[in-house]
Amino acid sequence: MDKMKIQTTNFENSIKNNLNSIPLILIHGPNQSKIRNKCDQAVELLCGGSAVEEMRVNKLNESLLLKDPQKIFEKLKTVGFFPGRQALIIENATDKLTKIITDALISWSKADPTIILLSGSLKTNSSLRKMVEKHPIASCFAFYEEQLETKEVEKIISSLNFKIDDQNIMKFL
């Protein structure tokens with residue numbers, strides 16, 4: 001894989017196609033509800049529907065990591081009680097975490113949890129965003145207000161009781 005700034009329409013396929021080799025996913029944008037929804041979707045794709053109940057999903061936030069950067073290594077290297085892929089969600093991530101995340105990626109192995117960074121809007125010059133976009137196997141997804149995914153457009157059209165038979169038209173919506 002080359003640079004991993006991926007179109008949001010490829011969110012699901014990108015994760016499915018890299019299940020066993022994706023060390024980090026950055027999900028950012030202004031709509032925190034959408035960011036959390038995409039995080040939940042990523043966790044389900046990576047770890048399955050029972051991951052939360054089986055305690056295979058851990059959460060940290062930026063302020064805790066800034067106080068104790070070793071926490072990320074503890075969470076990455078701790079073997080879970082239940083078998084299966086794990087995820088480590090880091091909430092409210094900003095550029096202050098760039099060095100900590102970079103160091104964590106250096107020691108990351110395929111047996112470690114996938115790190116999912118959740119962030120508000122990140123400018124194109126954000127050090128965190130740049131680091132993820134340039135990483136050979138990490139993925140970066142930006143979700144903005146004006147972007148509607150095909151499924152969302154189809155749902156809106158369906159809720160209005162419209163029917164569009166020609167799929168080519170859907171591509172332009």
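Which residues does Q86 touch, not counting residues up to four places away in sequence? In this predicted model, the list is C47, R56, N58, T78, V79, G80, P113 and T114. Q86 itself has its place in the loop between α4 and β3, and this loop residue counts as buried, with a relative accessible area of 12%. Let's go from the overall build down to single residues.

**The overall build**

- The protein has eight helices and five strands.
- If you read along the sequence, you meet them in the pattern α-β-α-β-α-α-β-α-β-α-β-α-α.
- Of the 173 residues in the protein, 42% are buried.
- Take the contacts with a separation of 6 or more: 80% of them come from residues 24 or more positions apart.

**The sheet**

- The five strands form an open sheet, and you'll find them in the order β2-β3-β4-β1-β5.
- The pairing in this sheet is parallel.
- β2 and β5 are the edge strands, so to speak the two rims, as each of them pairs on one side only.
- Neighbouring strands are turned against each other by 15° on average, direction ignored.
- Strand β1 (residues 24-28) has partners on both sides: five bridges join β1 to β4, and four bridges pair β1 with β5.
- You can pick out single partners here: I25 stands opposite I116 in β4, while the bridge partner of L26 in β5 is C140.

**An edge strand with both faces covered**

- What about the two faces of β5 (residues 139-142), buried or exposed? Both are covered: S139 and F141 are buried on one side, and C140 and A142 are buried on the other.
- C140 has a relative accessible area of 2%.

**Two nonpolar cores**

- The largest nonpolar core has 23 residues.
- Inside this core, the residues with the most contacts are L24, I72, I90, I101, I115 and L117.
- Which elements give two or more residues to this core? They are β1, α4 (70-77), β3, α5, β4 (114-119) and α6 (127-134).
- Helix α5 gives the most to this core, with four residues.
- Apart from this core lies another one, of 20 residues, and F11, I27, L46 and F141 are among them.
- For a close look at the largest core, try L24: leaving out residues up to four places away in sequence, L24 touches I101, L105, T114, I115, L117, V132, A138 and S139.

**Helix α6**

- Five residues to look for in α6 are L128, R129, M131, V132 and E133, and they are buried.
- What covers the buried residues of α6? The cover includes β1, α5, β4 and β5.
- At the start of α6, a side-chain oxygen of S126 reaches to within 3.4 Å of the backbone nitrogen of L128.

**Cysteines without a disulfide**

- A disulfide is a covalent bond between the sulfur atoms of two cysteines.
- How many disulfides does the structure hold? The count is zero.
- Why is C39 not in one? The closest cysteine sulfur, in C47, is 9.9 Å from the sulfur of C39, and that is too far for a bond, because the two sulfur atoms of a disulfide have to be within 2.5 Å.
- C39 is buried, at 2% relative accessibility.

**Two loop residues with a positive phi**

- M55 is not a glycine, and still has a positive phi of about 55°.
- You'll find M55 in the loop between α2 (32-47) and β2 (57-61).
- Is M55 buried or exposed? M55 is exposed, with a relative accessible area of 58%.
- N92 is not a glycine either, and has a positive phi of about 60°.
- N92 is found in the loop between β3 (87-91) and α5 (98-107).

Key:
Residues are numbered from 1 along each chain as its sequence is written. This is a predicted model: local features need pLDDT of at least 70, side-chain atom pairs count only at pLDDT 80 or more; totals for chains, interfaces and linings use all residues. Side-chain values use heavy atoms; hydrogens and water are left out. Buried means under 20% relative accessible area, exposed over 50%, partly exposed in between (1.4 Å probe, protein chains only). Two strands pair if DSSP finds at least two bridges between them. A nonpolar core is a set of buried Ala, Val, Leu, Ile, Met, Phe, Trp, Tyr and Cys residues joined through side-chain atoms within 4.5 Å. Contact means heavy atoms within 4.5 Å. Axes are lines fitted to C-alpha atoms, for helices over the stretch in contact, and angles run from 0 to 180 degrees between N-to-C directions. A polar contact is a pair of N or O atoms within 3.5 Å; within protein, one must be able to donate a hydrogen and the other to accept it, and residues adjacent in sequence count only if both atoms are side-chain atoms.
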